[in-house]
Amino acid sequence: QTLCGSWRRWRKSPARNQRRALSNNIINNNNIITEKLVRNGDNKKTVVCIEGNIASGKTTCLEYFSKTSNIEILTEPISKWRNVRGHNPLGLMYQDPRRWGITLQTYVQLTMLERHLAATSAPVMMMERSIFSAKYIFVENLFQSGKMPEVDYAVLSEWFDWITTNIFLPVDLIVYLQTSPQTCHERLKQRCREEEKVIPLEYLESIHQLHEDWLIRCTSSPVPAPVLVIPADHDLQKMLHQYEEHRDKILTASNL
Ligand SMILES: Nc1ncnc2c1ncn2[C@@H]1O[C@H](COP(=O)(O)OP(=O)(O)O)[C@@H](O)[C@H]1O
Ligand SMILES: O=c1ccn([C@H]2C[C@H](O)[C@@H](COP(=O)(O)O)O2)c(=O)[nH]1
């Protein structure tokens with residue numbers, strides 16, 4: 001079990017403390033108090049985001065926890081990314097990232113926002129990825145690799161900043177499934193999703209480095225919650241064993 005170095009840095013500020021604030025007020029750059037949009041019932045719910053590289057085992061992890069009562073699972077809305085009114089922005093992005101990166105990531109941002117705001121009845125909501133990793137990992141990767149024009153990056157960033165400034169999106173715990181890019185490459189080939197056949201090992205290496213910068217080294221973007229790191233190169237049996245070991249910590253994340 002490993003806890004990210006961000007544990008202490010962010011311990012005082014994440015979801016629980018925000019919830020404890022007298023109201024959902026925020027102070028903007030001009031010291032003017034404004035209200036954040038809050039979904040009813042958010043004060044009680046525990047939100048856990050499962051983060052990790054492509055094919056690191058996030059869905060498999062969620063499937064395991066879906067057998068637990070009191071947890072509501074929200075998988076990534078990938079079926080929407082593959083089919084919006086008959087178009088496939090995920091496939092288009094892999095074919096021509098420079099042209100279609102902004103299209104996919106705008107839609108990812110919208111659909112991840114919907115996930116964060118979903119009305120759930122269980123006390124624990126476990127999400128695959130988050131609006132934060134969409135921006136800090138995938139948008140950053142497109143931009144830093146020169147595959148997203150600066151104007152597209154600026155527009156997406158403005159949208160992201162507006163959303164996260166004005167809408168209360170609490171996260172209590174990030175579970176980071178830490179894998180080697182090689183493991184993900186093997187699992188990706190085994191899963192064989194049509195759109196992803198073009199993904200080379202180098203792409204997974206970039207995505208891996210961005211995760212490490214964000215969640216382990218804490219040198220890139222703000223980490224919105226404490227991070228629980230689970231080494232995830234192991235076989236399925238060992239992974240399920242680790243999930244069981246961490247079950248209580250994950251389910252009581254709002255007490256962190
Ligand atoms: N621990 C594991 N060992 C071997 N294969 C795995 C393991 N976990 C998941 N897989 C397989 O790897 C592929 C990707 O896993 P998946 O859970 O879909 O990853 P993600 O949701 O992170 O993309 C799937 O084919 C899955 O069955
Ligand atoms: O912001 C995002 C989030 C995801 N993607 C891509 C990466 C993968 O091809 C799929 C998600 O698959 P997982 O197996 O769940 O990792 O979507 C993206 O391009 N941008």
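Start at ligand 1: by class, the shell of residues around ligand 1 holds seven polar, four nonpolar and four charged residues. Keep in mind throughout the tour that the model is predicted.

**Stop 1: ligand 1**

Select ligand 1 and show what lies around it. The shell has 15 residues, and the closest are G57, K58, T59, T60 and R187. Now colour helix 3 (58–65), helix 9 (181–191) and helix 11 (236–251): each of these helices supplies at least two residues of the shell around ligand 1.

**Stop 2: the annotated domain**

Next, select residues 48–252. UniProt lists this range as "domain: Deoxynucleoside kinase", in an unreviewed entry. Over residues 48–252 the chain is 56% helix and 12% strand. Mark the C-alpha atoms at the two ends of the range; they are 10 Å apart.

**Stop 3: ligand 2**

Move to ligand 2. Which residues are around ligand 2? Select I54, A55, K58, E76, I78, L90, L104, Q105, V108, A134, F138 and E196. By class, this shell has eight nonpolar, three charged and one polar residue. K58 is in the list for ligand 2, and K58 is also among the closest residues to ligand 1.

Two helices, helix 6 (97–116) and helix 7 (131–144), each give at least two residues to the shell around ligand 2. The largest share, three residues, comes from helix 6.

**Stop 4: helix 6 with helix 7**

Keep helix 6 and helix 7 on screen and hide the rest. Two packed helices are described by the angle between their axes and the distance between the axes. For helix 6 and helix 7 the angle is about 175° and the axes are 9 Å apart. An angle over 145 degrees counts as roughly antiparallel, so helix 6 and helix 7 are roughly antiparallel to each other.

To see the contact, select P97, G101, Q105, V108, Q109, M112, L113 and H116 in helix 6, and I131, A134, F138, V139 and L142 in helix 7. These residues divide into nine nonpolar, four polar and no charged. Q105, V108, A134 and F138 also belong to the residues around ligand 2.

**Stop 5: helix 6 with helix 8**

Leave helix 6 in place and add helix 8 (residues 150–166). These two pack at an angle of about 5°, with their axes 10 Å apart. Are helix 6 and helix 8 roughly parallel or roughly antiparallel? Angles under 35 degrees count as roughly parallel, and helix 6 and helix 8 are therefore roughly parallel.

On the helix 6 side, pick G101, I102, Q105, T106, Q109 and L113; they meet D152, L156, W159, F160 and I163 in helix 8. By class, the contact has six nonpolar, four polar and one charged residue.

**Stop 6: helix 9 with helix 10**

Finally, go back to helix 9, which supplies residues to the shell around ligand 1, and add helix 10 (residues 201–216). The axes of helix 9 and helix 10 come within 9 Å and cross at roughly 130°. Helix 9 and helix 10 are therefore oblique to each other, and helix 9 passes helix 10 in a right-handed crossing.

Select P181, C184 and H185 in helix 9, which meet L201, L204, E205 and H208 in helix 10. The residues of this contact divide into four nonpolar, two polar and one charged.

How values were computed
Residues are numbered from 1 along each chain as its sequence is written. Chains are lettered from A and ligands numbered from 1 in the order in which they are written. This is a predicted model: local features need pLDDT of at least 70, side-chain atom pairs count only at pLDDT 80 or more; totals for chains, interfaces and linings use all residues. UniProt positions are given in the numbering used here, feature names are shortened, and annotations may be inferred rather than shown by experiment. Helices (H or I, at least four residues) and strands (E, at least two) are DSSP runs, numbered from the N terminus. A residue is near a molecule or strand if its C-beta atom, placed from the backbone, lies within 6 Å of it. Ala, Val, Leu, Ile, Met, Phe, Trp, Tyr, Cys and Pro count as nonpolar, Asp, Glu, Lys and Arg as charged, and the others, Gly among them, as polar. Axes are lines fitted to C-alpha atoms, for helices over the stretch in contact, and angles run from 0 to 180 degrees between N-to-C directions. Angles under 35 degrees count as roughly parallel, over 145 as roughly antiparallel, 65 to 115 as roughly perpendicular and the rest as oblique. A crossing is left-handed if the near helix is turned anticlockwise from the far one by less than a right angle, and right-handed if clockwise. Two residues are in contact if their C-beta atoms, placed from the backbone, lie within 7 Å.
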